[in-house]
Structures are given as structure tokens and as C-alpha cells.
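User: I'm new to this one and would like a close look at a single part of it. Could you pick a residue and walk me through its surroundings?

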Amino acid sequence: SRGLGDVYKRQEIACALLLSELVSSGVCPNFVETYQVFQLARPAPGNLWGTEECPEPPQGKYPRHAGGTATLCIAKDIEHSQRSLGGPFQYIRMELCGEGDLESFLKRLPGEMMCLLQLRSAMFQMFFSLYVARHRLNFRHYDVKLLNFFAKSVKVPMHSEGEHCYAMRYSFGTCHFALPPLDGNAFFVKLADYGTADTRPDTVGMPVGVDHFAT
């Protein structure tokens with residue numbers, strides 16, 4: 001129903017803003033960051049931003065905001081019946097993860113497999129994002145899968161001797177973790193898609209309900 005769809009959209013935006021604060025404050029980088037949320041009467045021009053049928057623009061390049069970081073603008077119509085009238089549309093400006101979702105990323109690898117160092121790094125980041133969100137915000141995703149994790153390439157710093165140093169370090173209580181150097185293949189794993197998520201403290205430990213299922 002339209003009402004249930006609006007609930008999912010509000011929940012997704014609320015969670016996106018909360019988790020973006022964890023990124024910008026340096027607590028955890030493993031969430032797709034949301035930069036801005038706004039509404040307009042018109043849809044985004046397909047020749048610049050792509051369309052649902054053809055997500056990537058013809059030139060393969062997305063517009064950039066003033067800071068120079070590539071972003072992908074996703075337009076979600078609030079009311080299906082108003083689509084022909086041109087709106088209103090809900091816009092979310094968010095971080096662009098150039099490698100796409102992890103499932104697509106894996107399919108592009110030789111043999112559709114990661115090397116052991118990549119796998120350990122990716123899984124650590126996935127688990128850490130879920131732990132931090134649960135610890136800080138009572139966040140439970142309810143739709144954890146490779147399609148909802150995204151990969152963003154990062155440049156690995158190098159020592160003066162030409163050897164790669166660690167790209168990411170994490171602290172967990174009194175323990176400290178350094179993800180291994182991955183030459184030129186290092187990437188951040190970032191969690192996204194929070195439409196079925198829950199942050200209510202009174203539902204922690206409760207079983208999965210019908211409201212946790214969505215298309």
C-alpha cells in the first residue's frame with residue numbers, strides 16, 4: 001500500500017541520516033553517507049542522472065557537487081498516481097560507491113572469487129558496520145545481503161620504500177585491528193538500503209515481523 005511505502009521511505013531517510021553521522025564523526029566509515037534530502041516537483045533529468053531502465057548516464061559520468069565528490073541522485077516518487085504530473089519527488093543525495101554492490105563486484109572478479117586477504121577485509125567491515133549500528137543506535141537491518149553492501153575503491157598509502165602500509169585501522173574496546181595491505185585492490189565496504197531497518201530500543205530481541213518484509 002502507499003501508506004506502507006511512505007513508512008519505508010521515512011524509515012530509510014531517518015536511518016540514513018543517523019548512520020551518516022557515524023561516518024562524518026569518524027566512528028565508522030562503513031555506511032553509505034547521505035549528503036542531502038529534499039523534495040522537488042520535477043523528476044531528475046534522465047540525460048544527466050540516468051533512468052530506472054538505464055541507471056548510468058550516456059557519458060558514464062555523474063554531475064558533481066561543489067566539493068568535487070561524485071554523487072548519485074536517486075529520485076523516488078512519493079505518490080505513484082502523480083508520476084504523470086511530474087511530482088512531487090523525494091531526492092536523496094548520497095555517496096557514490098563506484099564499484100557497485102558486492103554481488104556485482106564479486107561477479108566481475110576472476111572466477112567470481114576474492115582472494116583471502118580481500119575476503120577477510122570485506123567481511124570484517126561488514127560485521128563491524130552491523131555491530132557499530134546496533135551498539136550506537138539499536139539498529140537492526142533485517143535485509144542483510146550482498147546487494148545491500150557496496151564497494152568503494154580507496155588508494156592505499158605507501159611508505160617511502162615503496163611498500164604499501166595499512167589502509168584502515170579499527171578499535172574495538174581494548175583491541176585494535178589493522179586491515180592488511182591489498183596493493184591496488186583496497187576498498188571500503190559500505191552498508192545501505194535501510195527501508196526495513198528498526199532502531200526502536202523496545203523491539204530489541206523481538207522476532208522478525210511482517211513489517212520487516214518489503215520489495
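What follows is a close look at one glutamine and the strands around it.

User: Where does Gln 90 sit, is it buried or exposed, and what does its side chain reach?

Analyst: Before we dig in, keep in mind that this is a predicted model. Gln 90 belongs to strand β3, which runs over residues 89-95.

Let's start with that strand. Of the 7 residues in β3, 7 are buried, so the strand is largely enclosed by the rest of the structure. Gln 90 fits that picture: its relative accessible area is 13%, and because the cut-off for buried is under 20%, it counts as buried.

Now for the neighbour strand. β3 pairs with strand β1, residues 34-40, and the two run in the antiparallel sense, with 6 bridges between them. Across from Gln 90 in this pairing stands Gln 39. These two glutamines also meet through their side chains, in a polar contact of 3.1 Å.

That isn't the whole story for Gln 90. Its side chain also reaches the backbone oxygen of Phe 38, at 3.3 Å. So, to pull the side-chain part together: Gln 90 has a polar contact with the side chain of Gln 39, and it reaches the backbone oxygen of Phe 38, while being buried at 13% relative accessible area.

If you'd like another antiparallel pair to look at afterwards, try strand β5 (residues 169-172) and strand β6 (residues 175-178), which are joined over 4 bridges. They form a hairpin with 2 residues between them, and Gly 173 in the turn has a positive phi of about 65°. Arg 169 has Ala 178 in β6 as its bridge partner.

Key:
Residues numbered from 1 in each chain as written. Predicted model: local features only at pLDDT ≥ 70, side-chain atom pairs only at ≥ 80, totals over all residues. Heavy atoms only, no water. Pairing = 2+ DSSP bridges. Buried < 20%, exposed > 50% of the residue type's maximum accessible area, 1.4 Å probe, protein only. Polar contact = N/O pair within 3.5 Å; in protein donor to acceptor, adjacent residues only side chain to side chain.
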